[in-house]
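Me: I have a structure to go through with you. Take the questions one at a time, and keep the answers short.
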Amino acid sequence: MRRKIGFALGLLALALSAGCASSGHERDINDPTNSLVFGYIDMDDAPTSISYASIMQVAPPTQAPYWSLAVRKGLFYTAYLPPGSYQLSRFGGSGFLAGEHQYNFPRQGNQTALRIEKPGIYFLGSYKYKDVKSGMFEAGKFSIENVNKPTEAELLRRILDDGSGIKDSAWRDRILARLARLKK
């Protein structure tokens with residue numbers, strides 16, 4: 001029994017560390033071709049919280065299309081994306097009674113699709129998790145719906161305050177400039 005608990009705790013620690021790390025595909029955070037991409041998912045109605053997420057590079061084709069996102073209390077982001085087309089691919093987490101869950105987005109018709117033509121700051125939006133009724137023997141389904149809160153400015157402030165390495169990088173000034181434009 002102790003062995004099973006230890007194994008389960010090890011898996012949880014691995015999932016949490018994967019969610020907290022932001023894979024830069026060996027890119028420097030200060031690379032001028034990087035874009036900051038971020039968003040938020042309210043998981044209050046979900047069986048789990050969100051502890052990891054990834055975004056998939058759709059174009060141009062690449063050997064490593066998945067980029068890990070840093071995740072903090074519903075906020076997800078990366079400051080390493082080069083120009084290309086992307087969409088949120090999956091996110092997941094665990095709940096005390098629900099166990100580990102992974103939520104996968106469809107490859108087509110994903111409302112988080114984004115095309116980055118020039119480096120910058122891109123807000124994917126704030127969303128709320130919604131359960132979708134399915135049959136008794138069907139796999140669980142979900143959707144996300146746009147919500148107004150938290151706002152782009154609120155999330156940028158959180159990234160500045162909590163973001164690993166963001167305060168000490170070129171992103172600090174870019175985020176402050178974006179926040180000044182949002183106030184107008």
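Reply: One term before we begin: a polar contact is a pair of N or O atoms within 3.5 Å, and within protein one must be able to donate a hydrogen and the other to accept it. Note also that this is a predicted model.

Me: With which side chain does the side chain of serine 85 make a polar contact?
Reply: Serine 85 sits in strand 5, residues 84–95. Beyond four places in sequence, serine 85 touches Met56, Gln57, Val58, Ala59, Leu114 and Arg115. The polar contact of its side chain, at 3.3 Å, is with the side chain of arginine 115.

Me: Is serine 85 buried or exposed?
Reply: Buried means under 20% relative accessible area. Serine 85 has 12%, so serine 85 is buried.

Me: Is glutamine 87 buried or exposed?
Reply: Glutamine 87 also belongs to strand 5. Its contacts beyond four places in sequence include Ile55, Pro106 and Thr112. Its relative accessibility is 7%, so glutamine 87 counts as buried.

Me: Are helix 2 and helix 3 roughly parallel or antiparallel?
Reply: Helix 2 covers residues 152–162 and helix 3 residues 171–183; they pack at about 155°, with axes 10 Å apart. Angles over 145 degrees count as roughly antiparallel. The two helices are therefore roughly antiparallel.

Me: How many residues in the contact of helix 2 with helix 3 are charged?
Reply: Helix 2 brings Glu152, Ala153, Leu156, Arg157, Ile159 and Leu160 against Arg172, Ile175, Leu176, Arg178, Leu179 and Leu182 of helix 3. Of these residues, 8 are nonpolar and none is polar; the charged ones number 4.

Me: Is the crossing of helix 2 and helix 3 left-handed or right-handed?
Reply: The pair packs at about 155°. The crossing of helix 2 and helix 3 is left-handed.

Technical notes
Residues are numbered from 1 along each chain as its sequence is written. This is a predicted model: local features need pLDDT of at least 70, side-chain atom pairs count only at pLDDT 80 or more; totals for chains, interfaces and linings use all residues. Side-chain values use heavy atoms; hydrogens and water are left out. Helices (H or I, at least four residues) and strands (E, at least two) are DSSP runs, numbered from the N terminus. Buried means under 20% relative accessible area, exposed over 50%, partly exposed in between (1.4 Å probe, protein chains only). Contact means heavy atoms within 4.5 Å. Axes are lines fitted to C-alpha atoms, for helices over the stretch in contact, and angles run from 0 to 180 degrees between N-to-C directions. Angles under 35 degrees count as roughly parallel, over 145 as roughly antiparallel, 65 to 115 as roughly perpendicular and the rest as oblique. A crossing is left-handed if the near helix is turned anticlockwise from the far one by less than a right angle, and right-handed if clockwise. Ala, Val, Leu, Ile, Met, Phe, Trp, Tyr, Cys and Pro count as nonpolar, Asp, Glu, Lys and Arg as charged, and the others, Gly among them, as polar.
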